[in-house]
Amino acid sequence: MTSFDTSPTLTVWRALLAVAVVFVMLGTTGWSAVRDQHADGPRELALAAWARDKIAGRQLPEADAPTTRLAHFFASLTSAQRMVLAARHPSVVGNLNGAPVAMRYRANRVALGQAVTAERVRSSDPKLSPDGRADARARLDRFRSLLKGDRKILAFDPSGRGRAAEVFGNLDRASRVSVVVPGVDTHLLTLERSQRRYTAPVGMAKSLYEAERTASPATRTAVIAWADYTAPVGVGMDAALGALASDGAVRLNALVQALPGRSRVSLFCHSYGSVVCGIAAHRAPGRVADIAVAGSPGMRAAHAGQLETGARIWAMRDGDDWIGDVPHMEFGGIGHGADPVDPAFGARIVSAAGAAGHSGYFVPGTESLDNFAAIGVGAYGSVSCASADSACHRGISGELEG
């Protein structure tokens, strides 16, 4: 896929659901899903160094302090002091909600430079297997790409399979911010693609940003390609469970809470990313105006009301999207609940014409992308309803909402 790119068969999902009881029983006796473990050694060392440090004689705040406290601390520093901390603690500052975004961009450039050096060494390390050296070369290429030009990297963590987030537009000045939340198999090496670019988080976000600018040139917009959570690997048990989505939901809400200014926020959630957004919904900050899902296996809810959010819920699915054949149910923690494009769910169902399958919702020229862009800029009257829901505009003025 980015979420489920490999299009598993309905039989595979039925088999997963059929063994639900077995896995639940195993879970009660100590079984846990095998996951890609996050290598937190370097991260722990970086956090320890941060905890010991001072600036101008002042102790640094805890890295997990409330966003408001962190923002107040950084606002009290001079520009030079902020830059010192970004250079001294790049892996902490670059991922610190509450730090000014320009400071995070700078810190992540430093962290990327350090990662390039490390992977360059690994790529020729004779102690690594040929596959290990090939992986190091692939990571090296990715990190070099992220350093090109003036890319705005809002988050970067190379440990494990890696996480990152990239911004398009001016996040400090935006009145509308869109966050693209991708699904399964999202990590640093799948962050962007040269082929099939609109199936990867960076391609999705960049496409949405351009579409929003076309939809409303006067609206100050920014779009975030948010690959900053640990996504499931392939279509296995983790993809059928909600644990990783729950962790991702916490991280997503923390990101939204820390965004600068008073921008209104729209979440665009693809495939397993819609599970993340569904879990995040009831604790999402009030600035989240819209949650739009595409190709969703479910939002961990029986109906939209269970999401317990004031945000508008939008849903779309292309007629050729295989996810429509997946049983939308939940049993013993396996499965993700009702189908968001079922009229009984209560979402506003919009057209996905032109999307062509599970991974085509952000392709330029599709009605799915145009609808996302209209939602993102608040031009609700321009949204094309699906034939199943001609009333998807209900309760919306149709005017741009800032």
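These legends describe close-up views of a predicted model.

**View 1. T186 sits in a loop between a strand and a helix.**
The strand before this loop is β5, residues 176-181. The helix after the loop is α9, residues 201-215. Is T186 buried or exposed? Its relative accessibility is 1%. Buried means under 20%, so T186 counts as buried. The side chain of T186 also has a polar partner. One of its polar atoms lies 2.6 Å from the backbone oxygen of G183.

**View 2. C269 and C277 are joined by a disulfide.**
A disulfide is a covalent bond between the sulfur atoms of two cysteines. Here the S to S distance is 2.1 Å. Which hand does the disulfide of C269 and C277 have? The torsion about its S-S bond is about -90 degrees, so the disulfide is left-handed. C269 and C277 are both buried.

**View 3. C385 and C392 form a disulfide.**
The sulfur atoms of C385 and C392 are 2.0 Å apart. The torsion about their S-S bond is about -90 degrees, which means that this disulfide is left-handed. Where do the two cysteines lie, buried or exposed? Both C385 and C392 are buried.

**View 4. The disulfides of the protein follow the pattern 1-2, 3-4.**
How many disulfides does a search of the whole structure find? The search finds 2. One joins C269 to C277. C385 and C392 form a disulfide too. The numbers in the pattern count bonded cysteines along the chain.

Technical notes:
Residues are numbered from 1 along each chain as its sequence is written. This is a predicted model: local features need pLDDT of at least 70, side-chain atom pairs count only at pLDDT 80 or more; totals for chains, interfaces and linings use all residues. Side-chain values use heavy atoms; hydrogens and water are left out. Helices (H or I, at least four residues) and strands (E, at least two) are DSSP runs, numbered from the N terminus. Buried means under 20% relative accessible area, exposed over 50%, partly exposed in between (1.4 Å probe, protein chains only). A polar contact is a pair of N or O atoms within 3.5 Å; within protein, one must be able to donate a hydrogen and the other to accept it, and residues adjacent in sequence count only if both atoms are side-chain atoms. A disulfide is a pair of cysteine sulfur atoms within 2.5 Å.
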